[in-house]
Amino acid sequence: MDPEASLHARAARLRAEIEAHNHRYYVLDQPSIPDAEYDRLMRELVDLEREHPQLQTADSPTQRVGGEPAAGFEQVHHRVAMLSLDNAYTDEELIAFDQRNRQRLGMEGEISYSAEPKLDGVAISLRYERGMLVQASTRGDGTTGEDVTRNVRTIRAVPLRLRSAAPPVLLEVRGEVYLPKKGFETLNARAVAQGERLFANPRNAAAGSIRQLDPQLAAARPLAFYAYGFGETGDMVMSPTHSAGLALLRSLGLPVSGLCEVVEGVDGCLRYYARMVDKRAGLPYEIDGVVFKVDDEALRKELGAVSRAPRWAIARKFPAEEVLSIVEGVDFQVGRTGAITPVARLKPVFVGGVTVSNATLHNFDELERKDVRPGDTVVVRRAGDVIPEIAAVLLERRPKGSRVVHMPQQCPACGSDVIKPEGQAIARCTGGLVCSAQRRQGLAHFASRRAMDIDGLGEKLIEQLVASGLVESPADLYRLPPGRLLDLERMGEKSVAGLLAAIAGSRQTSLARFLFALGIPGVGEATAAALAAHFGQLERLEQATEAGLQEVPDVGPAIAAAVHAFFAQEHNREVIAELRRLGVSWPEDAGVRSQASPLAGKTLVLTGTLAHMTREEAEARIRELGGKVSGSVSGRSSYLVCGENPGSKLARAQALGVPVLGEAEFLAYLDEDGLKT
Ligand code: 5U1
């Protein structure tokens, strides 16, 4: 193909692809690619047409704003077009926008900009005649939208009558209908309860709600609204600046974001952007960037607009939180307790401000549900500090002959059997103490303060001991050749002597500590203590049946199965026997030497978002330490654990006098050092 023909073909392909996505997005409310990918396609087409104007066609998506109006709603003609915004993805693009403006205006000094959050919702025009709301419409293609008055009237944030004794004859207000984060959670929780389809994000939920044909259903969706500009205004006397216009809207009873402010020059814009990046996660609604608008109306007029967007405004977009990537493979990671986690290896992508090349698939049930396969194109999501995950698979892009990923039958590290008990999501390697992947983490746990309490044996040293081949199993710790230890980094005679003394001292322990040190899945300190107290002797525990194990307080079928499987493995029994031959011992009948975990027997309630772990992880850790987790605060609650943006549980806990733990205090409880008494 000659170069000209191939350029034409590329432009035509881009146009067709963008139109197909427009249809899915604007008409079906079912976008199949993230916004960032759509923006990328659009930019490629804009650039191509700018460089080769002969490629431009009258029906190119670059020549209009959105999609076709949907059937089912009356059409509305916008006499003042509902424009879109140009985007800046980098500081340099924002600086260039300001430079262009100053050049066009021949200005030496700084331009004042109105800076505003860019809400991730649906653009709406509200038409007020003599102060009464008479029509609400969507943007549609910018000149023709859909009449959604009945649905918008259900939004409490939208005034049905302006607050003014002498309202303007005609006022069209432009703004964004959005769904606050809390409303989105409520909506999706309701959808789960009713077995309905979940919304991918608050923006889709808002768009779906506003174009809901049944206003009763729309009314049940907790939508909100912020005003940010004007449409038709008849003979109204307009304010000389945009910021004064926003103040006027506010005075008329329209909601305007409290984050709007006037900033000076591009430096002011950059500082505002940085502040909003920090604020973003804590806001009660999603924003996908900030908007900067020349504040002076006279300057705006001078700058004018191009076909789809004004020259006087720009959206500085945040780094995308959802992007596309390709799955290069699925690996299996083995954790300390043998839990095997499938992890997707991704073609590296920049998402949520960092480069991501792996995304956890959590467990095999999740993997099966999402059916992620090597070669798949996937939506990768990383919001804030959240661990990257695969939000969706684009099935239409799945390569032919792709293969389903199954749970491995053997551990990828040691070849031992992998088991996944009926009804449980977690698959585990049964290799226990001989599995190399579990070994390092297992040794660190074995040596930890509340287990065998070997002072000075930290992760760095364990890494060296394993790498040098000195330690394979915990038993090797009790036969370390002192001479070889001197060869290790940062190990002088004094530290070697200290380490050997600590190891020797750990030989005298308790059955509870020893059981906890073994790192049996699900056996935290409290369970280890309960097992020791119940059986008194290790031999009795080793021989216990699953039914016998379930007689121990707080030991259910899952833990009983894990304990039974652990002792059923010959190699685990051998390591234990070796440890005992090397002098590890405990008073046979007493069992418990360690103090119970401070969470044992306590009931904890969680509220808000924890920065360092998911809600599920926090609950699992509490249970591991013998505590209970409850969904609501009562007089019997021991503690309320309070993360960011707590809910009403905080006020209730305070009213009932239930002690409140911040995240740091809670982590200290979970942390070994924090458990020191
Ligand atoms: N805050 C804000 N969002 N937003 C979206 N202002 C704003 N202005 C817009 C759009 C589409 O458009 C006008 C600049 C035309």
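User: Which residues surround the ligand?

Analyst: In this predicted model, the ligand is surrounded by Leu-83, Leu-85, Glu-116, Pro-117, Arg-139, Tyr-228, Val-291, Lys-293, Trp-312 and Ala-313.

User: What makes Glu-116 a polar contact of the ligand?

Analyst: An N or O atom in the Glu-116 side chain is 2.9 Å from a nitrogen atom of the ligand. A polar contact needs a pair of N or O atoms within 3.5 Å, so the pair qualifies.

User: How do you know that Pro-117 and Lys-293 belong with it?

Analyst: For Pro-117 a backbone N or O atom lies 3.1 Å from a ligand nitrogen atom. For Lys-293 a polar side-chain atom lies 2.8 Å from a nitrogen atom of the ligand. The cut-off is 3.5 Å, therefore both count as polar contacts.

User: Why is the pair Lys-420 and Asp-365 called a salt bridge?

Analyst: Their closest N and O atoms are 3.1 Å apart. The limit between a Lys side-chain nitrogen and an Asp carboxyl oxygen is 4 Å, so the pair meets the rule. Across the interface of domain 3 and domain 4 the rule finds one salt bridge, along with six residue pairs in polar contact.

User: Which elements supply the domain 3 side of that interface?

Analyst: Strand E12 (322-334), strand E13 (339-351) and helix H11 (364-370) each give at least two residues to the side touching domain 4. The residues of that side comprise five nonpolar, four polar and two charged.

User: How much area is buried between domain 3 and domain 4?

Analyst: About 1,300 Å² is buried, with carbon and sulfur atoms giving 63%. In contact there are 11 residues of domain 3 and 20 residues of domain 4.

Notes
Residues are numbered from 1 along each chain as its sequence is written. This is a predicted model: local features need pLDDT of at least 70, side-chain atom pairs count only at pLDDT 80 or more; totals for chains, interfaces and linings use all residues. Side-chain values use heavy atoms; hydrogens and water are left out. Contact means heavy atoms within 4.5 Å. Buried area is the accessible area (1.4 Å probe) that two parts lose on being put together, summed over both. A polar contact is a pair of N or O atoms within 3.5 Å; within protein, one must be able to donate a hydrogen and the other to accept it, and residues adjacent in sequence count only if both atoms are side-chain atoms. Helices (H or I, at least four residues) and strands (E, at least two) are DSSP runs, numbered from the N terminus. Ala, Val, Leu, Ile, Met, Phe, Trp, Tyr, Cys and Pro count as nonpolar, Asp, Glu, Lys and Arg as charged, and the others, Gly among them, as polar. A residue is near a molecule or strand if one of its heavy atoms lies within 4 Å of it.
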